[in-house]
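Hi,

Here is the structure I promised to hand over. My notes on one helix pair follow below it.

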Amino acid sequence: FILSGHLRRLADFAGTDGSILRKGACQTALGLTGVPYLWGGRSLSGDCADDPDARRSRDDRGSFARGLDCSGLVNLVFMVNGIDPPRNAHDQWLWGGAAEAGDLEAGDLVFLSKGDPPGHMDHVMIYSGGDDLIESPETGQVVRRTTFSERLGSPLERFICSGRRAGESRVEFGRPCPLWQL
């Protein structure tokens, strides 16, 4: 849950190649490390009575729960930086443009799908450069910085083309809209 006054306009900071937006998205995501995972969550405050996600999610004390799921993290990170992405991982996949592992730039998205071919994206992470990813992994964990090697069992170089497998999941890469247009 964020206030509209905290949103920035894309034209104010995107730069001609989107580098400022990419840097802002990664910095925002890193600033959210430690926030608890909450399925369906995209709220940073436990007292957000106006947030539909918070209203549905109460903790064991009856207070409004706070936390982010994977797509809620992506949604919030880009909203703070002036872009309004879809809410769930599969729609975020459809919203953006395709990218290849060798062409990834910080701020691009990494998707996991247990379907083959990828009919539905189950998880999304933010690529932050090098071998690094930022994700909200699952219940009981927090938003964290991790690496391709830690999360997927191999470094980024192994995933030279989209569609490679990591365990039971297929790995796909995407460029957030409107970054694929820059």
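**Helix packing: α2 and α4**

α2 and α4 are oblique to each other, a class for angles outside the named ranges: under 35 degrees is roughly parallel, over 145 roughly antiparallel, 65 to 115 roughly perpendicular. Their packing angle is about 125°, and their axes lie 9 Å apart. Axes are lines fitted to C-alpha atoms over the stretch in contact, with angles from 0 to 180 degrees between N-to-C directions. Contact here means heavy atoms within 4.5 Å. On the α2 side, it is made by Ala-25, Thr-28 and Ala-29; α4 brings Val-77, Phe-78 and Val-80.

The model is predicted: local features need pLDDT of at least 70, side-chain atom pairs need 80 or more, and totals for chains, interfaces and linings use all residues. Numbering starts at 1 along each chain as its sequence is written, and side-chain values use heavy atoms, without hydrogens and water.

Now α2 itself. It covers residues 19–31, 13 in number. Helices are DSSP runs (H or I, at least four residues), numbered from the N terminus. From first C-alpha to last, α2 reaches 18 Å, close to the 18 Å expected at 1.5 Å a residue; that expectation is 1.5 Å times one less than the residue count.

Leu-21, Arg-22, Gly-24, Ala-25, Cys-26, Thr-28 and Ala-29 of α2 are buried, that is, under 20% relative accessible area with a 1.4 Å probe, protein chains only. Ile-20 also lies in α2. Its relative accessibility is 46%, so it counts as partly exposed (between 20% and the 50% above which a residue is exposed). Ile-20 and Asn-81 are 61 residues apart in sequence, yet 9.8 Å apart in space, C-alpha to C-alpha.

Best wishes

Methods
Helices (H or I, at least four residues) and strands (E, at least two) are DSSP runs, numbered from the N terminus.
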